[in-house]
Amino acid sequence: MHLGTSITQFIIEEQRHIQGATGDFTSLLNDVVTACKVISNAVSKGALVGVMGSAGSENIQGETQKQLDVITNEIMIRSNEWAGHLAAMASEEMDDIYPIPAKYPRGKYLLVFDPLDGSSNVDVNISVGTIFSILRCPGEGDAPSAQAFMQPGTKQVCAGYAIYGSSTMLVLTTGHGVNGFTLDRDIGEFILTHPNMTIPADTKEFAINASNQRFWEPAVQRYVDECLAGKSGPRAKDFNMRWVASMVAEVHRILTRGGIFMYPLDSKLKQQGGKLRLLYEANPMGMIVEQAGGVAWTGYERILDIEPTGLHQRVPVILGSKNEVETVVSYHQETVGKAA
Ligand code: P6P
């Protein structure tokens, strides 16, 4: 029986292309993969094990934490702190960085993650996911600080997400394209099912939270109006709209069949800089999208070029099919210098 390529085999074979690889990265990635399997198991049991609903606490973003936010954060920490590959971790669910405890050896990588993206959907059984990004730790051996994480997205050595949907999948890039793996629960292993995922340059599907329409900047207003005008409008084609309120699900759809996802800056978000977080949402998803032939901008600049200023910094996000994102960006650039 043909077992297919497991993610373990895939990662080890990838490692062979990396000059001087010590196996550190491969082992780290396998620990992250294990954490995603444990999270998939916790999420899939849902109400059966009483983990739904609020944890009765708030994270630094001022968002009410779901019990599963806290549980999945714990799973990521416990699965990755002991092996000696990391200097520190950072998470949407933790105010500050998590330096590796002194009882464990300290390694040369940093792991930053959103342990359960879209968790507001978990009680209503809509797909959620784990987003992760791996950076090299500068100043190896020094006690890491939040400053060590302040690296642009172009410095990521790996980006990936797990999506806990009708099937559990893990999508990964180490800078050589994007590959998707499906969890075979019978053997407890992710199997390569979507090699070399690429995003079509054109699309007829856009994703935006239309309830924010009255706050949008003119460029976004113009773009969406043109999509809604359909065949008889300037785009001369009809569009479809999606909004799942789970970035992982939106990005996975775009990787699978194309599309554009927008959480743009708007007058309601101007103060905080945007809705989505740079380090553990925009950057990893931006790397994955670019590696799949797509584009990821804020509307004004390439997301991966942004020099971070804080662990929980927020940015606008417009990503997906190249030609469509470039259209939205061109509309933003036409408004630069004009009064809003
Ligand atoms: P809204 C989930 O909380 C998230 O961070 C992304 O996964 C998702 O795209 C967005 O926020 C949804 O935001 O305002 O539609 O609830």
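**Exercise 1. Judge the overall size of the chain.**
Task: compare the radius of gyration of this predicted model with the value for a compact globule.

Solution.
Step 1. Take the chain length: 340 residues.
Step 2. Find the expected value. A compact globule with 340 residues would have a radius of gyration near 20 Å.
Step 3. Compare. The chain has 20 Å, so the two agree.
Step 4. Add the extents. Along its principal axes, the C-alpha trace spans about 60 × 50 × 45 Å.
Step 5. Add the secondary structure. The chain holds seven helices and 17 strands.

**Exercise 2. Place the ligand.**
Task: find which pocket the ligand takes and describe the shell around the ligand.

Solution.
Step 1. Locate the ligand. Its space is the largest pocket.
Step 2. Count the shell. There are 13 residues around the ligand. Asp117, Asn209, Trp243, Met247 and Tyr263 come nearest.
Step 3. Sort the shell by type. Six residues are nonpolar, three are polar and four are charged.
Step 4. Look for strands. Strand S13 (260-263) and strand S14 (276-277) each give at least two residues to the shell.

**Exercise 3. Find polar contacts of the ligand.**
Task: test three atom pairs against the cut-off of 3.5 Å for N or O atoms.

Solution.
Step 1. Take Asn209. An N or O atom in its side chain is 2.9 Å from a ligand oxygen.
Step 2. Take Met247. Here a polar backbone atom lies 2.7 Å from an oxygen of the ligand.
Step 3. Take Tyr263. An N or O atom of its side chain is 2.6 Å from a ligand oxygen.
Step 4. Check the cover. On its own, the ligand has 400 Å² of accessible area, and the protein covers 83% of this.

Terms used
Residues are numbered from 1 along each chain as its sequence is written. This is a predicted model: local features need pLDDT of at least 70, side-chain atom pairs count only at pLDDT 80 or more; totals for chains, interfaces and linings use all residues. Side-chain values use heavy atoms; hydrogens and water are left out. A residue is near a molecule or strand if one of its heavy atoms lies within 4 Å of it. A polar contact is a pair of N or O atoms within 3.5 Å; within protein, one must be able to donate a hydrogen and the other to accept it, and residues adjacent in sequence count only if both atoms are side-chain atoms. Accessible areas come from the Shrake-Rupley method with a 1.4 Å probe; for residues, only the protein chains shown count as cover. On a 1 Å grid over the protein atoms alone, a cavity is a set of points where a 1.4 Å probe fits but cannot get out, and a pocket is an open set with protein on both sides within 12 Å along at least five of seven lines; lining residues have an atom within 4 Å of a point. A molecule sits in a cavity or pocket if more than half of its atoms lie within 2 Å of its grid points. Helices (H or I, at least four residues) and strands (E, at least two) are DSSP runs, numbered from the N terminus. Ala, Val, Leu, Ile, Met, Phe, Trp, Tyr, Cys and Pro count as nonpolar, Asp, Glu, Lys and Arg as charged, and the others, Gly among them, as polar. The radius of gyration is taken over C-alpha atoms; the globule rule is 2.2 Å times the number of residues to the power 0.38.
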